[in-house]
Amino acid sequence: MKGNDMQEEYLKGRGAQYQAHNRFDRLHYVQEHIEGLDEPYLRHPQRQILQDHPKKLISKSNSPDLNNMYSINPYRGCEHGCIYCYARNSHEYWGFNAGLDFETKIVAKPNAPQLLEQHFLSKNWKSHPIALAGNTDCYQPIERELKITRNLLKVFVRFGNPVNLITKNGLICRDIDLLRALAEEKLVHVYISITSQNEQLRSKMEPRTASARKRLQTLEKLSTAGIPCGVMIAPIIPALNDHEIPQIMKSAADAGARAAGYTVVRLNGAIGPIFLDWLHKNFPERASKVENQIKSLHGGNLNDSMFGRRMKGEGVVSDSIQQLFKIAKNKYLKHREMPAYNMNAFRPNGTMSLF
């Protein structure tokens with residue numbers, strides 16, 4: 001299967017438009033044979049929920065860009081299907097591909113709340129903020145049924161450990177009761193990710209996510225409930241959504257955001273060809289401009305793994321994005337900030353009861 005074949009049927013509701021090759025596999029599926037026996041499976045895969053029961057839950061990143069961040073990912077893979085998602089590559093380590101597999105083969109960790117409780121009961125644990133989640137969205141659609149994220153939040157409340165969340169999904173409002181309990185002890189930060197208020201772009205770039213309007217309503221509802229919220233404008237993709245930074249910042253500020261952040265797009269590993277295939281199919285008239293400007297952020301490459309540079313990029317385009325973000329933030333979020341975490345609320349025995 002050639003990912004850049006413009007004659008193929010476009011898969012609505014999906015970001016990736018083909019089954020990418022897993023770099024670790026010697027053999028892989030193709031769609032080049034005229035009989036097309038496997039085409040329904042390859043072109044229209046159905047969602048599969050798989051279960052994993054890991055022995056370890058919390059990951060620690062020693063990356064200078066992430067400041068010794070601890071994170072929990074209750075799900076691997078993400079049905080949201082965001083075409084640029086950096087987590088796509090991680091699916092390859094589990095025998096899947098970074099394309100349609102990432103969006104349809106979702107691995108859930110039902111024992112995550114029990115593992116978190118065991119971790120907090122350890123005498124070696126010292127209170128520290130934990131990100132929920134660092135890779136895929138912890139409020140993706142399957143969370144409505146499995147409630148792993150909700151049960152994790154219950155553990156955070158019981159033990160009084162700080163947590164920060166980032167999501168594109170309005171489902172987070174279901175858990176306002178738990179988030180409010182955390183906020184009362186200054187134990188939670190929430191970031192709503194908004195990449196575009198252009199619904200035509202959003203629906204193609206992030207096909208199974210909430211609309212920008214819904215995300216702003218979510219931000220406002222959480223803020224009104226006393227839960228400290230910020231907006232993450234990420235990733236910034238030059239010549240696609242960079243011009244929207246001021247308006248997104250204003251809209252988020254009007255909805256109650258206290259802080260804002262951003263990163264620029266970087267297309268590491270298999271994400272590069274998957275993104276470019278999507279780009280040429282959806283925006284052929286400006287595909288070359290977008291690709292070249294992305295490369296200008298990363299020294300002529302689609303990706304940059306250099307710490308301290310990879311998140312923001314460098315060069316003229318990077319400087320322009322940085323200045324636009326800074327001006328918009330100073331205009332709309334000046335003198336606003338997230339409250340500091342309360343690092344003294346941790347209860348080693350988890351003695352607090354919710355009810």
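Select residues 1-7 to begin: pLDDT (the predictor's confidence in each residue, from 0 to 100) stays under 50 there, and the model has 15 contacts (heavy atoms within 4.5 Å) beyond four places in sequence for this stretch. This is a predicted model, in which local features need pLDDT of at least 70, side-chain atom pairs count only at pLDDT 80 or more, and totals for chains, interfaces and linings use all residues. Residues are numbered from 1 along each chain as its sequence is written, and side-chain values use heavy atoms, with hydrogens and water left out. Coloured by pLDDT, the chain averages 90, and 90% of the residues score at least 70.

Next, display the strands (DSSP runs of E, at least two residues; helices are runs of H or I, at least four; both are numbered from the N terminus). Seven of them form an open sheet with mixed pairing, in the order β2-β3-β6-β7-β8-β9-β10. Its edge strands, β2 (59-60) and β10 (259-264), each pair on one side only; pairing requires at least two DSSP bridges between two strands.

Within the sheet, select residues 130-132 and 163-167: β6 and β7 run parallel and are joined by three bridges. Ala-131 stands opposite Asn-164 in β7.

Now add helix α5 (residues 148-159), which lies across β3 (70-72), β6 and β7 and runs at about 160° to β6. Angles run from 0 to 180 degrees between N-to-C directions, with axes fitted as lines to C-alpha atoms, for helices over the stretch in contact. Helix α8 (residues 212-224) lies across β8 (188-193) and β9 (229-236), at about 165° to β8.

Finally, select Lys-123, in the loop between α3 (112-121) and β6. Its C-alpha is 8.0 Å from that of Pro-348, 225 residues apart in sequence.
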